[in-house]
Each structure stands twice: as structure tokens, then as C-alpha cells.
Amino acid sequence: MLKKYLLIFIFGLSLFSCNRSLKVINLENSNEQQFYYFANGHLSKDKYAFKTIKKDGKIAGEIVRASDANVWSGIATELVKPVQIKDGNRFTMDVLMDHLGSFSFKLEDSKDGGSNSTISVKNTRINEWETLVFDFSNAIFGNPSYNKITLFVDLNKKPTGKDEITYFANIRQIPNEYKKVINGKKEDAIKIVVLGSSTAAGTGPKDSKNAWVNRYRRKVIRSNGYNEVINLAVGGYTTYQLLPSNAKLKANRPKPDIAHNVTKAISFNPDAVIINLPSNDVSSGYSIKEQLDNYTQITNALDANKIPYWISTTQGRNMSKEKRKLQKIMKDSTETRYGRHTLDFWKGFANWNGTIKKKFNSGDGVHMNDIAHKYLMEEVWNKDILGYVLDKRKGIVRKDSAYTSPLKYKDYHLVWQDEFNDDTLKTKNWSYELGNGCPNLCGWGNNEKVWYKKENAVVKDGNLIITAKKDNKHKGYWSSSRIKTSEKVNFNFGRIDVRAKLPKTRGLWPAIWLLGQNISEKGWPYCGELDIMEEVGHIPFRVRGTTIFNDATKNTQYIGEKYELRYSNFSDDFHVFSIVWDEKGIKYLVDNKKYYDKTYKELNIDKDNNPFFKPFFMILNCAVGGNLPGNPDYTSRFPQTFKIDYVRYFKENRVRYYPKVVKKVAKMPKKDKVWVYLMAGQSNMEGNGQIMPQDTIPNPRLITINTKGEWVILKEPINLNFPWYRKLDCGRSFGNELLKKVPKDVTVAMISTAVGGSSVNQWLDDSEFRTMHLWSNITKMIGKAKKVGIIKGMIWHQGETDAKPEMFATYTTKLNTLFTKIRKECGNKNMPIVVGELGDFGVDRPDWKKFNKILEKYAKKNDNIEIVKTSDLKTMGDNVHFNNVSLRILGKRYADLMPIK
């Protein structure tokens, strides 16, 4: 096999050294070809000149990479005769290196609009000549010409600490041997010119074919082989170099580069222009006004020639705090001025403080790496510039249609909704948050300039209308409304649809969002936050969905994505903003189009402390001012309205996890052969686990009662009180274990009355909770049970709601009162009750530990009370509820302690 490879390699050498190849440079004539060093540490071009020597019979160029060279050090030369890619896109070079590494060949300075491009190849021999092949066929599209070549040794790698010598010879261009077939129609061809600096020029990626312009060019040409992307970008350039050639010059400022400025771009008669200037203006000390004035001159020239353009925002850069602040101001100004023709090269790439995110940093704190350039290209591609140009040619004007979501989804139930069809806000669903957040949370934690008031929210014509307007009472403030469902409607997994029409003006911040119901206990961001929709009013075509939490490393994370309408603004019509949220992760949608989807594992959320496993409440508000949108300015117009048509909450239909057939009991056994056991308490008894096939295997001696009052063969879920909340409990496991102890002619009947989140007070006073009166319900079910059998006992798990110091003194008294009432209702004053401890889960919760001690002490003092230990059981991930395995174990432990009488 080795011999075979060797023959192929030798054949390759003979092919590439044939007479038909074209010599790119002439090393024999030192006057003709002058290389120079750059970024080479102590061997800079002023201290060390390029040399040619005779090496093993070849006239070779010598490259000495200094021990302290920069990672992008190398040599470069201007070509006497330009390289024409139409003559061939493959090059060969003889190379001799004193170590195993890489050799990079870069083509650049294309005056006819091609882009710079670099190919890197690894050597396979040490201190021996070998021929390396540099294939640009997948890196360069079209037929550009190049006037300069640059050579690198070990590009983007740190020096070894010693001077290293490499030799090269015989740089040749291999002619193309076939005529390329071009797809597409020439009459549909689109020409795009790119202006800018280093990011557009391709600096940052290790491989130039990964630069965003090169990636974009490939996609554009695949769309139509006659399309062109002409790249005039030059590293280090600012808005000044891009000014029109006839621009009035300023002292101490760069002159327009007539070969790379907007005038040159216009000379190509392009269909569109893209401008990408990431940070050089700010780093050079140019003011925001200077930059915007320069952009005005540049875009005026394009407008005069009716050429559409797209302009990128600034980028993150590791420079001084003051300059980073200016970068963000310029980014916001660009978005405000150019709207949907802005390319967002900031969000997602920059940290909150304006530096480059580590995963996107090429290593120098200035430029972005290969991965970042992939996403930059996607940002540009998603603007559909080609579609815009073709529509413009055909005179087509498009708009984004309004959207209404359905009332039904496959595998989901509609469980709660507010259609805002009444005359006033339903206070059973919503409560108001009023004021400016002071004294505890002035500015609502976001430096908002708003006073929230009741009167700014009205229900009219089937919509909730929140109005933002100037506040006459508080100087420098605006008024608006903020409402929430806290303590009234909770959301925990499922699908939420909110249909809304958004406002449009600078300084507004409408939002549809969820906060963890335990925020008062845990605080933010430990409670978790789900931003279903946020908009800043000066970018009315864009919304964002964001997941906010503390990750496994205890760092606050803001993970999300934007969604943009292609043609219209969200202020033009109603659209539906949604999340789909389950045990695996969260999806964000607009008009039922998913635009972001992450699992908890991808988010790096601590699986043992996941806030998104717990109940959340909703907030609807329209903030004015604040960290995200900035404050209103002279362009802002008030009043503005945020209209909400409806809020709908769907829960996943768990019947897909278990057989749909419900088998009725054909003939009930005799009354004394039906032993009934009640299940009561809150969520761990109600059921919070995932139902699996093993939980649905029927046993004819295990029965329950359905919502129609019919006795049926038991399978999980047992608790049918809430159709949207049917999950695994411990009842089936308890029943099956108990059947091993009871006489073989006995049928065990399980009746669940548990309601998640309930307190002992709510059980005692029969208050309505989650649409149910708890005491009335359990007495009703006891009545049904007594008709068919004998109530033998109850299993109880409750206390997560009551495990608070202020409840400790009275809890067992109230619990004993409740148990006495239940026993009396059942007609058995000595009925055994087995009580489960709260889970430990390895979390330091002194209140829960003390609560468990209180339960243990209560059981010791009372006959017919037993305590189930739970310290070794595992959580489902929220440190409140038991997981599937633990629920099944819990059921068996209840059965072990239940007396058989």
C-alpha cells in the first residue's frame, strides 16, 4: 500500500512540474521580485532582509520566522505580472521545512474586485524538499486577478522560542483543464460590491475560505453562476477611506481610497452594496458624529445612483472601556438609522461590556474567528439581498401577513386562555404592578423611566391595550402599565401563544415574559426568566426570545436569538409570539415558525437545580426607557399602544405516553372485598413525573374512578382532576405493592384528591385553589368510595408550601385537625395515614429539614400515623419533585408502612 501511495505522489510531482505550468515569481532575478518581512519580531523588515540562496540545487527563498514573531508573521511581495485565476486555480510550490508544520499561500490585492484568499497545507517531510499543492477551487469564485502574494509559516501558531528557517522555490500556477459549466441565467445575474475593512477583507479566520465574504460569495454564485460578489475591503480602513472621491478632505484624517471607496463601488454598476466597518473609526478616536456624517456622504452617493445598501453594526473589540461604550452607541445609531438594512454583527458576538466573546475571538481581541464568520455570513444571507434585488427589478412590493394561531394543536390541550373579550381586566387572572419600582427596585432593575399605572391598561374591542405616554405628574418620566399572573395563573411546561401588535418609537420596550414563581424566595436570576418576546421600539421589525438563568458554573446567562420580519414591522399588524417548553428544553416561535431551540444540556443548566422545571408566572408590560432600548429622544412619538389580542396556554396531552383505551370494571366485587385508599396532599402526590409504558400495565385487582364517576382499571395517571396536568404519581406502585399483602380476593381502589401547590389551610377552609375546593372535593370522593367499598387508609404528601418558619408552631395542630375531619368523614376514627417526608436532594434547606423533624415528632405522638423516609430519593431536576424511579420507590415504601387490618 505504501508503494502505491508513493507512485501516486511521484506521478503528481511530474504532472505539476510539466512545461504547461506558469511560473508565478522569478527568484533567479533578485531585482525583479522583492519580498519583505512583516510582524517578525526582532527580525523585522528593517533589520533583516529577504534572501535567496542556492539550496540542494534549487534557487530558493529563505523565510526566517523569528523566535518572538507574531502569529501572523510572514513575507509578501508585489507581483510583476498579476495572477489571473482564469488561467488556473491550483498552485504548486517546493518547500523545505526544518519541522512538521504548515505552509500558507495567500493571494491578495485584487484590483478587479476578487477577494483575498489563503490556503494552508501541512508538510510531511523534515529537511527534505517536497512539492505542496495549494488548491483555491473551493475558495475563489469568478475570475479575479491578484497583484500580491504572501507566504506564512505556521500561520496563527505561536513561535517555538527559536528562529526557524524554511525554504521555498518554484511557485507555479497549474492551468485549468476543463471549461466550467455555469448554472443560472445571465439576464438574472446580480452584482454585489462589499466595502469595508479587515472583517470583510477576511482577517480572523485561520482559513480564508471561511471568511464571511467568501462564504457569502459561494452561496451567491451557487444561486446563479453569473452572480458576482466584488470585495473592495481593505484591513485597517475607516469611513474616511470609503468616502466619495470628491469628498471634502479634513485635516489629520485619511483620504478616500479611489480604488476601494464608494465611488469605485458605484463604477461597477452594482445591484447592491454591503458596508462592513467593524471598529477602526472608534479605535482611531473618531467621534460618533464624524462616523454618522461620513456614512451620510457614503449612502447619499449610493442613493443618488439608486443602489440599495446594507450596513453592518460595529463589532465587539477588546479596547478601552470608553471606546467600547462608543462602539455600542455607534451600533445602536446604525440600527436606528438603517433599520432592516442593518446587519447585526454585534448581538451574540459581543459580551455585555463590548468585548469579543471568547468563543468568537480569533486570538487578538480584534478580529473574529472561523466560527464567527460562519454566523456573520448567515446574518447577511438571511437578509435575502438577492430576493430584494429581484423583487425590485420586477416592481414587486411584499408585506408580512398578520397571523392568528389555532385553538388546537396535535398532542396538546388548551387549558387556560384570556381572550380579553370583557369590558375590564379579569382580576382573577391578572394583578397590577404599580409605580417606578422604588424603594426596592427603582427603575424596575433596568433603569426604566416609567411609572406603571392601572389606567394605562384597558380592555376594549377584544384587546388588552397598554398605552405608553408622557407622564404629567413625574418629570422626566412616562407612564404605562405592567400586569402579571403571579399567585393566580401558573405556567409549567406546555405551549404559550400570545397574539399582539407592537408599538414603534425610540425608547419603548414592550415585553411578554415569564418569571419563576419562586422569585421572592430564590431571587433573580436563580428563579429563571423566559422572554417570549422583547422589542425595542426603534427596531420595529425585530423581536428577540431569550432564556435567562444561572448556568452550572453559577454565571448568569442570557441565551437567545432574534426574529425579523422580512418586509413589514410588528407595528403594522398582529403576530403570534410563542414558546414550546418541556422537560428537555425550550423553543421560541413567531407565527408558528421556530427560530430558536435549545435543550437544557446545550444551555449547560445544572440538571439538579433547573429553574425551568418549576412554575412560572407571566408579565405583560410596555417599558419606557431602560438599559435595552435607551431613553426616548427627539424622534420619539407618544402616545404609543401595545395591543394584546389573546393569551393561550396549552398543555401536552400525555395520553400519547400510555394506552388510550380505558377499560371499565365489568362487575364490581362485593363491598367488603373493595379496599379503598385515598391519596391526598400536593404536587408530589398529585404526580409530577414522566409516564412511561411500564406505568400503564393494567392489573384487574387495581382500580380507580374516572372523571365521569366510572370505576375503571387503574393505570397512570390516577389524578384526573386537571386534564392538562396528568403525570406520574406513586399510586400505582403503592397499589401493586399492597396487593402482595392483602387477601387474594381483595381489589384495591385508589382515589387521588391531591392538588399541587396546596397548603394545609386551603384544605381546612375549603378555599378555591386551582379551580377546586379541596375539602368539598375530598368529601365528594369519600362519598363515592363508601358506596362501593371500605376506606382502609390514606397516603399523604404535603408541606413544600408550608415549610416556613412562620408555619412551624401551628402546622401539626392544623394537620391533626384535618386528619381528624377526614377520618370522621370516612367513618373510621383510627384509619391509618402514612405521611411522606419532603425530599432532601442533597440541598442545604434548614427549613425543610426542620419541617421533616416536626413531622417525625408528630408521628411519634399519634397512633396510626407512619412516616416514610425520603432522604435517599432523587429529584427530577428541580430539587422539589421526585423523579420517576423515586416515585415508584416512594409508592412501595408507603405500602410497606400501611397496616393491613
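These exercises, each with a worked solution, deal with a predicted model of a protein.

**Exercise 1. The protein as a whole**

Task: State how many helices and strands the protein has, what its C-alpha trace spans, and what share of its residues is buried.

Solution:
- Step 1. Begin with the secondary structure, which comes to 19 helices and 42 strands.
- Step 2. Take the dimensions along the principal axes: the C-alpha trace spans about 110 × 80 × 50 Å.
- Step 3. Turn to burial. The protein has 901 residues, and 56% of them count as buried.
- Step 4. Add the surface. The accessible surface is about 40500 Å², and carbon and sulfur atoms hold 50% of that area.
- Step 5. Look at the contacts with a separation of 6 or more: 76% of them are between residues 24 or more positions apart.

**Exercise 2. Strand 33 and its partners**

Task: Find which strands pair with strand 33, including strand 17, and decide whether strand 33 is largely enclosed or not.

Solution:
- Step 1. Locate strand 33 at residues 640-652.
- Step 2. Examine strand 17, residues 412-418. Strand 17 pairs with strand 33 in the antiparallel sense, over six bridges. In this pairing Trp416 stands opposite Tyr649 of strand 33.
- Step 3. Examine strand 21, residues 463-470. Strand 21 is also an antiparallel partner of strand 33, over five bridges. Here Thr467 stands opposite Thr641.
- Step 4. Examine strand 24, residues 494-501. Strand 24 and strand 33 run antiparallel and are joined by seven bridges. Lys501 stands opposite Lys643 in strand 33.
- Step 5. Count the buried residues. A residue is buried when its relative accessible area is under 20%. Of the 13 residues of strand 33, 11 are buried, so the strand is largely enclosed by the rest of the structure.

**Exercise 3. Helix 17 against helix 18**

Task: Describe how helix 17 and helix 18 pack, and which residues meet.

Solution:
- Step 1. Recall what is needed: a pair of packed helices is described by the angle between their axes and the distance between the axes.
- Step 2. Apply this to helix 17 (residues 805-826) and helix 18 (residues 846-861). Their angle is about 35 degrees, and their axes lie 11 Å apart.
- Step 3. Give the hand of the crossing of helix 17 and helix 18, which is right-handed.
- Step 4. List the residues in contact. Helix 17 brings Pro805, Phe808, Tyr811, Thr812, Leu815, Asn816 and Phe819, and helix 18 brings Asp847, Lys850, Phe851, Ile854, Leu855 and Tyr858.
- Step 5. Sort the residues of this contact by type: nine are nonpolar, two polar and two charged.

**Exercise 4. Backbone details in loops**

Task: Locate the cis peptide bonds before Pro525 and Pro717, then decide whether Glu487 and Asn879 are buried or exposed.

Solution:
- Step 1. Inspect the bond from Trp524 to Pro525, which is cis with omega near 5 degrees. Pro525 lies in the loop between helix 11 (519-522) and strand 26 (529-534).
- Step 2. Inspect the bond joining Glu716 and Pro717, which is cis with omega about 0 degrees. Pro717 lies in the loop between strand 36 (711-713) and helix 14 (731-738).
- Step 3. Take Glu487, a residue other than glycine with a positive phi near 65 degrees. Glu487 is in the loop between strand 23 (482-484) and strand 24. Its relative accessibility is 65%, so Glu487 counts as exposed.
- Step 4. Take Asn879, not a glycine either, with a positive phi of about 60 degrees. Asn879 is in the loop between strand 42 (865-868) and helix 19 (884-897). Its relative accessible area is 6%, so Asn879 is buried.

Methods. Residues numbered from 1 in each chain as written. Predicted model: local features only at pLDDT ≥ 70, side-chain atom pairs only at ≥ 80, totals over all residues. Heavy atoms only, no water. Buried < 20%, exposed > 50% of the residue type's maximum accessible area, 1.4 Å probe, protein only. Helix = DSSP H or I, 4+ residues; strand = E, 2+ residues; numbered from the N terminus. Pairing = 2+ DSSP bridges. Axes fitted to C-alpha atoms, helices over the stretch in contact; angles between N-to-C directions. Left-handed = near helix turned anticlockwise from the far one by under 90°. Contact = heavy atoms within 4.5 Å. Nonpolar A, V, L, I, M, F, W, Y, C, P; charged D, E, K, R; others polar. Areas by Shrake-Rupley, 256 points an atom, 1.4 Å probe, with all protein chains shown as cover.
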